[in-house]
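Visitor: Please show me the model, and let us then examine the terms used to describe its voids and its ligand site.

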Amino acid sequence: MSQRCFPPIYWDGDAVAILDQRILPHQEKFLHCTTPEQVIGAIKTMAIRGAPAVGVAGALALALGARSIQTDDPKEFRRKFSRICLKVKDARPTGANLGWAVERLYSIVVENPKLGIVELKELIVADANAILNEDIASNRQIGKWGREVIPMGAKILTYCNAGALATADYGTAVGVIRAAFEADPTISVFSCETRPFLQGARLTVFELMRAGIPVTLITDNAVGSLMSQGRIDVVVVGADRIAANGDTANKIGTYMVAVLARTHDIPFYVAAPRSTIDPGLTDGNGIPIEQRDPKEVTHFCGKQIAPDGINALNPAFDVTPNKYISGIVTEVGMLRKPFSKSIRKALQV
Ligand code: MRU
């Protein structure tokens, strides 16, 4: 296994260590979770965020949960485990990876009706760890395929944080940037600050600076101007849920960037593992969009900036229609249009 970059979640003995991203970049502190409820809390409060990282956190929460069930009755074990699965799955709605990880671990219990409790626990913990390791391996592959479409010396725009911090390590969109930089140290990055939660300003630039990759922070509303001046060559973003036709949910504002990229003839790529694809959704209309506390909009760093009584909306994600997407980079290669066909094929590999 190659060297780790910036793992936001790992086992520390019997506890799940989670880097508390709410206080980055100023403090690097880990939460030590010993119960599924603590991991669920970390997901809900955004201590860990980013669809693949949330999927991995969900898997490790279930490993903690399975281990903690005290019973000799296999039926009771199954009942209790299924209850924990439901709670974990509900922690955040938009990212597909969480539901995917929960279904995968729950299927162990369903598909092995004869297995005893000790063996089930072992299988669940082993598969949760496999989910973590597979995510890192997938990201490295995404980087390898994705760098092929990054021109020499490119100025790359990315949005939100699709980095190591949003995954088990290495990152998806940032994974592509890392791999491109390894091959060509003349590339550079523009990172949008990503209102209102500022994942770009707080996390992406922090990660890229730590990796020694040249990065410039811009406001979200500077994108059109920079594109019109020819200062951006390619856009690479992550994804939270991809429908069967390629429509892609990602951080609120991504759609705006995609439309601008099309207007300026700039290629727009999505980088994501196949665990982000939801083949059950025909198109992006069915993607559940998380609505977050309006206070994230009306307040800044804990200080109210909007008048008392103002109505504010805070959808956390938007959906970019497939027509704006030049390609979807997955661990099994670059998927091209028509996405319904290339996605179906990728899921069969
Ligand atoms: O609300 P967040 O911070 O969990 O949103 C994260 C994003 O939208 C990322 O771009 C996406 O999860 C891809 S992460 C590899």
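Guide: Helices (H or I, at least four residues) and strands (E, at least two) are DSSP runs, numbered from the N terminus. The model is predicted: local features need pLDDT of at least 70, side-chain atom pairs count only at pLDDT 80 or more, and totals for chains, interfaces and linings use all residues. Residues are numbered from 1 along each chain as its sequence is written, while side-chain values use heavy atoms and leave out hydrogens and water.

Visitor: What makes a space a cavity, and how many cavities of 30 Å³ or more are there?

Guide: On a 1 Å grid over the protein atoms alone, a cavity is a set of points where a 1.4 Å probe fits but cannot get out; lining residues have an atom within 4 Å of a point. Grid points are joined across faces, edges and corners, and a volume is the space filled by probe spheres set on the points. By this rule there are 2 cavities of 30 Å³ or more. The largest cavity has a volume of about 250 Å³, and the second largest has about 50 Å³.

Visitor: Which residues lie nearest the centre of the largest cavity, and which element gives the largest share of its lining?

Guide: Its lining has 26 residues, with R49, G50, A51, D240 and F317 nearest the centre. Two or more lining residues come from each of α2 and β9, and α2 has the largest share, with 3 residues.

Visitor: How do you know what occupies the largest cavity?

Guide: The space taken by the ligand is the largest cavity. A molecule sits in a cavity or pocket if more than half of its atoms lie within 2 Å of its grid points, so the ligand is assigned to the largest cavity.

Visitor: Why are residues such as R49 and K251 counted around the ligand?

Guide: A residue is near a molecule if one of its heavy atoms lies within 4 Å of it, so R49 and K251 belong to the shell. The shell has 19 residues, of which R49, R92, D240, N250 and K251 come nearest.

Visitor: What makes the approach of K251 to the ligand a polar contact?

Guide: A polar contact is a pair of N or O atoms within 3.5 Å. A polar side-chain atom of K251 lies 2.7 Å from an oxygen atom of the ligand, so the pair qualifies. An N or O atom in the side chain of Q199 is 2.8 Å from a ligand oxygen, and a polar backbone atom of A51 is 2.9 Å from one. Taken alone, the ligand exposes 410 Å², of which the protein buries 99%; these accessible areas come from the Shrake-Rupley method with a 1.4 Å probe.

Visitor: Why is a pocket not called a cavity?

Guide: A pocket is an open set of points with protein on both sides within 12 Å along at least five of seven lines, whereas a probe in a cavity cannot get out. The largest pocket has a volume of about 420 Å³. It is lined by 16 residues, and P196, L198, F300, C301 and G302 are the closest to its centre. Both α10 (295-298) and β12 (299-300) supply at least two residues of that lining.

Visitor: Which residues are closest to the centre of the second largest pocket?

Guide: The second largest pocket holds about 360 Å³ of space. Among its 19 lining residues, W100, P273, R274, S275 and E331 are the closest to the centre. The helix α5 gives the most to this lining, with 4 residues.

Note on methods: A polar contact is a pair of N or O atoms within 3.5 Å; within protein, one must be able to donate a hydrogen and the other to accept it, and residues adjacent in sequence count only if both atoms are side-chain atoms.
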